[in-house]
Amino acid sequence: MRTTLMGLGVLSVAAAAGCANDPVYIPSPTSIDAGEMMDMDGNLLPGMSALIIPVNRETTKDAADRMRRQALITDPLVVLPYINVDDLEISIEWTIHNLTDKPGNAMVELNGANQFFRYDPSMVVLSTAREAPPTPGLDGDIPLEIPANGTLSGLFTEDNLRETAIDLDQITRANVNPFRATLTINKNLESFPQWMPATVNMEGELVQEPCLDGTQPGCTGTVFPREAIPAMLEADLVFKPDRHMVLEYTIRVRDIRGDMMPDKLLSAPMTDLEPFMPADFMLSAATPPP
């Protein structure tokens with residue numbers, strides 16, 4: 001039995017005929033198998049996978065142009081990326097296979113990294129209260145019903161990935177609370193302000209003064225324009241089934257700039273690819289943030 005999840009998009013995607021940025025497809029080298037292994041408390045362990053999107057090394061000409069534009073920006077905190085959020089259009093097609101003869105449920109959580117930071121919600125503790133909700137992922141985590149011995153297919157769309165790229169930059173460089181970033185629609189923002197770092201209150205929660213338009217006391221004065229927002233270059237999927245299932249996925253990329261994607265994709269020599277070394281973003285209410 002095969003089911004397509006309309007709420008997250010239809011699996012098949014048609015490319016415009018003759019388009020200069022026809023999509024390329026990067027299949028995950030391995031599937032994500034989960035729903036059998038348990039931790040010490042008897043909880044099912046999720047399956048995880050990370051796939052870096054290969055991009056060509058920055059040319060001398062591109063670097064010079066980026067530095068020219070960087071010189072026009074007076075705020076040293078606003079660093080222009082090599083690849084902007086609008087340079088690549090990315091989507092992720094996925095299919096879940098239920099390997100049991102009973103119907104089950106699963107969730108697919110999307111996280112990732114840009115050239116500056118990697119976001120893993122397990123490394124962000126917003127409250128030490130026992131009843132506090134877990135830190136959210138960047139997208140997904142919607143309960144899905146999978147038929148017995150069946151499959152379910154879905155899609156994180158280009159709009160989803162554009163949103164997650166902006167949310168990721170807001171959380172990491174602009175100090176925005178992950179709940180605020182992921183629960184607001186940001187994909188069309190032309191800029192966003194940096195919030196003052198959160199502080200820890202007596203209840204062990206991270207709290208912040210508002211910074212909605214860049215003028216409130218909770219703002220640092222730094223504003224990130226859209227040209228400073230980096231593309232998401234690593235897709236991290238967390239697969240959470242309640243019984244034995246397998247997740248397969250493929251990343252679809254349209255190269256809007258036209259010179260970003262190597263011809264051999266994941267088979268390209270490492271010397272031809274831009275080095276990718278994002279820092280892990282960490283924040284905890286247990287200790288004062290930096």
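I will talk through one strand, its pairing partners, one residue at the end of a neighbouring strand, and a helix.

Please keep in mind that this is a predicted model, in which local features need pLDDT of at least 70 and side-chain atom pairs count only at pLDDT 80 or more, while totals for chains, interfaces and linings use all residues. Residues are numbered from 1 along each chain as its sequence is written, and side-chain values use heavy atoms, with hydrogens and water left out.

Let me start with strand β17, residues 245–255 (strands being DSSP runs of E, at least two residues, and helices runs of H or I, at least four, numbered from the N terminus). Of its 11 residues, 10 are buried, where buried means under 20% relative accessible area with a 1.4 Å probe, protein chains only. Strands count as paired if DSSP finds at least two bridges between them, and β17 pairs with β5 in the antiparallel sense over 11 bridges, with Glu89 set against Arg254. Strand β2, residues 24–27, is also antiparallel to β17, over 4 bridges, and there Val24 stands opposite Val253.

Strand β5, residues 88–98, includes Asn98, which counts as buried because its relative accessibility is 3%. A polar atom of the Asn98 side chain lies 3.0 Å from the backbone oxygen of Pro147.

Finally, helix α2, residues 158–173, has 16 residues and should span 22 Å at 1.5 Å a residue, which agrees with its end C-alpha atoms being 22 Å apart; the expected span is 1.5 Å times one less than the number of residues. In α2, 14 of the 16 residues are buried, and the helix is followed by Asn175, whose phi is positive, near 60°.

Technical notes. Buried < 20%, exposed > 50% of the residue type's maximum accessible area, 1.4 Å probe, protein only. Polar contact = N/O pair within 3.5 Å; in protein donor to acceptor, adjacent residues only side chain to side chain.
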